[in-house]
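Student: Can we go through this model and check the labels people put on it? I'd like to see each one argued from its cut-off.

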Amino acid sequence: PYVELLEGLDTEQFAASYRAHEELVQEAYRMQGYPDGDFNERLLAIIDELLATPRASDPVRLIKPEAYFLFADPDLEALTAGQKILIRMGDANAARVKAKLTEIRQALQ
């Protein structure tokens, strides 16, 4: 359902709304503790990071040493939280998310 929600997003309308509120978003970002940061740069960097998520070879093994699951493969476990989510959703859904992120990135540039 989350992938379908993302795919249903009108990319151009989203980008226009983002641009219309960019100053407010930047102000909120600075108030969150990033006084010298640029939210737009960070947003694009995060999209790039997610688009660079590697494909994991099947089957992806998880281990549960305590109350939560970890990837058995240390290279996968070392990925960022967003990249791990993409891997956990499977190749088909990850490809759909990456396609929409590519659209969003192009619309924001």
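Tutor: Sure, we'll take the charged pairs and then the nonpolar cores, keeping in mind that this is a predicted model.

Student: What makes the pair of arginine 96 and glutamate 7 a salt bridge?

Tutor: The cut-off is a side-chain nitrogen of Lys or Arg within 4 Å of a carboxyl oxygen of Asp or Glu. Here the closest N and O atoms are 2.6 Å apart, so the pair qualifies. The structure holds five salt bridges.

Student: Why say that this pair ties together separate parts?

Tutor: Because arginine 96 sits in helix α7 and glutamate 7 in helix α1 (residues 2–7), parts that are 89 residues apart in sequence.

Student: How do you know whether arginine 96 is buried or exposed?

Tutor: Buried needs under 20% relative accessible area and exposed needs over 50%. Arginine 96 has 29%, so it is partly exposed. Glutamate 7, with 35%, is partly exposed too.

Student: What about arginine 105 and aspartate 48: why is that a salt bridge?

Tutor: Their closest N and O atoms are 2.4 Å apart, and the limit is 4 Å, so the label holds. This pair links distant parts of the chain, with arginine 105 in helix α7 and aspartate 48 in helix α4, 57 residues apart.

Student: Why is arginine 105 called buried?

Tutor: Its relative accessibility is 16%, and buried means under 20%, so the name fits. Aspartate 48 has 33%, so it counts as partly exposed.

Student: How do you know which label suits lysine 84?

Tutor: Lysine 84 has 14% relative accessibility, so it is buried. Its salt-bridge partner is glutamate 77, with the closest N and O atoms 2.9 Å apart. Glutamate 77 is partly exposed at 23%.

Student: On to the nonpolar side: what makes a set of residues a core?

Tutor: The members must be buried nonpolar residues joined through side-chain atoms within 4.5 Å. The largest such core has 14 residues, and Leu43, Ile47, Leu86, Val97, Leu101 and Leu108 have the most contacts inside it.

Student: Which helices supply at least two residues of this core?

Tutor: α2 (11–20), α4 (39–51) and α7 (91–108) each do. α7 gives the most, with six residues.

Student: What does leucine 86 contact beyond its neighbours within four places in sequence?

Tutor: Leucine 86 is in contact with Leu50, Thr53, Ala94, Val97 and Lys98. There is also a second, separate core of five residues, including Phe71, Leu76, Leu79 and Ile87.

Conventions:
Residues are numbered from 1 along each chain as its sequence is written. This is a predicted model: local features need pLDDT of at least 70, side-chain atom pairs count only at pLDDT 80 or more; totals for chains, interfaces and linings use all residues. Side-chain values use heavy atoms; hydrogens and water are left out. Buried means under 20% relative accessible area, exposed over 50%, partly exposed in between (1.4 Å probe, protein chains only). Helices (H or I, at least four residues) and strands (E, at least two) are DSSP runs, numbered from the N terminus. Contact means heavy atoms within 4.5 Å.
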